[in-house]
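Please walk through this model with the sequence and the 3D view side by side. The tour takes up contacts between side chains, then the surface.

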Amino acid sequence: EVQKQLGSECSKAHAERVVGSVLASIQKGLKKDKAVQLVGFGTFAVKNRKARMGRNPRSGESVDIPEKRVPHFKPGKALREAVDHQE
């Protein structure tokens, strides 16, 4: 889709490198515990998920789920409005 929007002067391989580079940059920022904001799109951040008790659905026994860090995305106003007002 990115290659189509950029037109014939951009190859599919180049579009894949560009998208890969953007995603790698977001991942690099999150690894450093920094929020990554794409203006008009949203913000990626890292949140800590607390340790909790879960249940094995097969056996029904309780399982300890350890604390971990997870990526979180908060959509920006423009993205929320674009999704809400489908044309």
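A search of the whole structure, which is a predicted model, finds 1 salt bridge. R69 and D33 form it, and their closest N and O atoms are 2.4 Å apart. That falls inside the 4 Å limit used for such a pair. The partners come from distant parts of the chain. R69 sits in strand 5, D33 sits in the loop between helix 2 and strand 1, and 36 residues separate them.

How exposed are the two partners, R69 and D33? R69 has a relative accessible area of 43%, so R69 is partly exposed. D33 reaches 52% relative accessibility and therefore counts as exposed. The cut-off for exposed is over 50%.

Stay with D33 for its backbone. The phi angle of D33 is near 60 degrees, a positive value in a residue other than glycine. Most residues other than glycine have a negative phi. D33 is placed in the loop between helix 2 and strand 1.

Now turn to the aromatic rings. How many aromatic pairs are there? The count comes to 2. In one of them, the ring centres of F41 and F73 are 5.4 Å apart and the planes meet at 45 degrees, so this pair is tilted. A tilted pair is one that is neither under 30 degrees nor over 60. F41 belongs to the loop between strand 1 (36–38) and strand 2 (42–49), while F73 belongs to strand 5 (residues 68–75). The pair therefore ties together parts that are 32 residues apart in sequence.

F41 has 37% relative accessibility, so F41 counts as partly exposed. F73 is partly exposed too, because its relative accessible area is 30%.

The rings of F44 and F73 also pair, with centres 4.7 Å apart and planes at 45 degrees, so they are tilted as well. F44 lies in strand 2 and F73 in strand 5, which means that this contact ties together parts 29 residues apart in sequence. Ring pairs thus link F41, F44 and F73 into a cluster.

Move along strand 5 to K74. The C-alpha atoms of K74 and A45 are 8.2 Å apart, although the two residues are separated by 29 residues along the chain. K74 is exposed, because its relative accessible area is 56%.

K74 also takes part in a positive surface patch. Which residues make up this positive patch? They are K47, K74, K77 and R80. R80 is found in helix 3 (residues 77–84). With 46% relative accessibility, R80 falls short of the over 50% needed for exposed, so R80 counts as partly exposed.

The surface has a nonpolar patch as well. V2, L6, V19 and L23 make this patch, which covers about 300 Å². Which elements give two or more residues to the nonpolar patch? They are helix 1 (2–6) and helix 2 (12–31). L23 lies in helix 2. Its relative accessibility is 52%, so L23 counts as exposed.

To close, set the contacts side by side. The salt bridge joins strand 5 to the loop between helix 2 and strand 1. One ring pair joins strand 5 to the loop between strand 1 and strand 2. The pair of F44 and F73 joins strand 2 to strand 5.

Methods
Residues numbered from 1 in each chain as written. Predicted model: local features only at pLDDT ≥ 70, side-chain atom pairs only at ≥ 80, totals over all residues. Heavy atoms only, no water. Patch = residues over 30% accessible without salt bridge, like charges linked within 9 Å, V, L, I, M, F, W, Y side chains within 5 Å. Areas by Shrake-Rupley, 256 points an atom, 1.4 Å probe, with all protein chains shown as cover. Salt bridge = Lys/Arg side-chain N within 4 Å of Asp/Glu carboxyl O. Lys, Arg positive; Asp, Glu negative; His and termini not counted. Charge placed at Lys NZ, Arg CZ, Asp CG, Glu CD. Helix = DSSP H or I, 4+ residues; strand = E, 2+ residues; numbered from the N terminus. Buried < 20%, exposed > 50% of the residue type's maximum accessible area, 1.4 Å probe, protein only. Phe/Tyr/Trp six-rings, centres within 6.5 Å; stacked < 30°, edge-to-face > 60°.
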